[in-house]
Amino acid sequence: MVKTALITGITGQDGSYLAEHLLTQGYRIFGLVRRSSSSNLQRISHLLGNVEILPGDLLDQPSLMDAIAQAQPDEIYNLASQSYVPLSWTQPSLTAEYTGLGVARLLDSIRRCKPDAHFYQASSSEVFGQPSESPQTEDTAFRPRNPYGTAKTYGHWLTVNYRQHYGLYACCGITYTHESPRRGAEFVFRKITQGAAKIKLGLAQELKLGNLDARRDWCYAPDAVQAMWLMMQQPEPDDYIIGSGETHSVRELVACAFGVVGLDWQDYVTVDPEFYRPDEAVQLVGCIDKIRRKLQWEPQHSFEKMVEVMVRHDLELLGGGE
Ligand code: NAP
């Protein structure tokens, strides 16, 4: 039997990769897309003949109920959110609406319209904030330190509440930072791969960065969406950490990216305190033992491979690919 999935955030990085993955599994796919005055479909332009677009917005519950009623999905993936931490400081209420209350509207729509659907909530390592232990497991205390992490914490616990109270098949993937050529340019990984490509092509002279010693658990987005899908195929819903299980510093990332284009990063990178993130999360790294053991999931792309793929993509995008 053909399975049907509804994806919120299908126009985003993860949504576009998830749609590709589900198509390879033979799914019928509906994507919830909010209206905008110019097209927001660039990341899924190659999929448009194969996915069905439904209008809707996480701010508007009737549109969510209509989308669920029309799609009758077996699986619902909630990947939509205001996903940029710095913006959550300047727009905390809107972040709470999209990233927190949006989950409440969606869960309640599922309860009313399609209670047997499986539900995936995109939770985030930002729920750990300044973590109490390292690496973090599914049992580590949540101590969010920014409005985005706080909104994600609400969405996470509400998903658990609906699972326990209403018996919904609802699960949370606590994902660490994941990257790809479709990542927004405001995120540091893409900023660096794009910066190295621009300098190589003579389109920029320097790259300004913040704390080079900041360390992150970086994983590849196409690997992460595979984990999301696997979680939804299990007999019982459960929450899992999704990450690489290792950290790398921004300095290593810069050296690797400039290495791909054959340049010495120290000639081009300057440290600008303006780019320091005010509350840098330290030792944020996931323990991926549970997902390895129970779902046999492993990240398929190394840090170095991911950097190389993204730098080469940015070179090509800027017109200088080999
Ligand atoms: P992304 O590229 O920023 O995509 C966000 C998506 O949400 C876009 O499709 C956006 O639509 C949609 N959206 C935003 N507000 C909406 C609303 N009110 N109604 C309907 N759709 C709305 O994010 P991503 O990197 O794919 O991340 C996917 C999910 O994982 C997000 O929930 C994010 O917070 C979470 N997460 C991501 C990471 C990461 O490293 N990527 C790590 C942890 C957690 P438009 O195209 O119209 O803007």
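A residue is near a molecule if one of its heavy atoms lies within 4 Å of it. This is a predicted model, in which local features need pLDDT of at least 70 and side-chain atom pairs count only at pLDDT 80 or more, while totals for chains, interfaces and linings use all residues. Residues are numbered from 1 along each chain as its sequence is written, and side-chain values use heavy atoms, with hydrogens and water left out.

Q: Which residues come nearest to the ligand?
A: Of the 25 residues around the ligand, those that come nearest are Thr11, Arg34, Ser81, Ser83 and Tyr148.

Q: What makes the approach of histidine 178 to the ligand a polar contact?
A: A polar contact is a pair of N or O atoms within 3.5 Å (within protein, one must be able to donate a hydrogen and the other to accept it, and residues adjacent in sequence count only if both atoms are side-chain atoms). A backbone N or O atom of histidine 178 lies 2.8 Å from an oxygen atom of the ligand, so the pair falls under that definition. For leucine 79, a backbone N or O atom is 3.1 Å from a ligand oxygen.

Q: How much of the ligand's accessible area does the protein cover?
A: The protein covers 89% of the 900 Å² that the ligand has on its own, with areas taken from the Shrake-Rupley method and a 1.4 Å probe (for residues, only the protein chains shown count as cover).

Q: Why is isoleucine 44 called buried?
A: Buried means under 20% relative accessible area, exposed over 50%, and partly exposed in between (1.4 Å probe, protein chains only). Isoleucine 44 has a relative accessible area of 0%, and is therefore buried. Leaving aside neighbours within four places in sequence, isoleucine 44 is in contact (heavy atoms within 4.5 Å) with Ile10, Thr11, Ser16 and Ile53.

Q: How do you know that the buried residues of helix H2 lie on the same side?
A: Helices (H or I, at least four residues) and strands (E, at least two) are DSSP runs, numbered from the N terminus. In H2, residues 61-71, the buried residues are Ser63, Leu64, Ala67, Ile68 and Ala71. These residues cover an arc of only 135° around the axis, which puts them on the same side of H2, the arc being that of the directions from the helix axis to the C-beta atoms. On the other side of H2, Pro62, Asp66 and Gln70 are exposed.

Q: What covers the buried residues of H2?
A: The cover includes strands E1 (4-8), E2 (28-33), E3 (51-55) and E4 (75-78), together with helix H4 (92-113).
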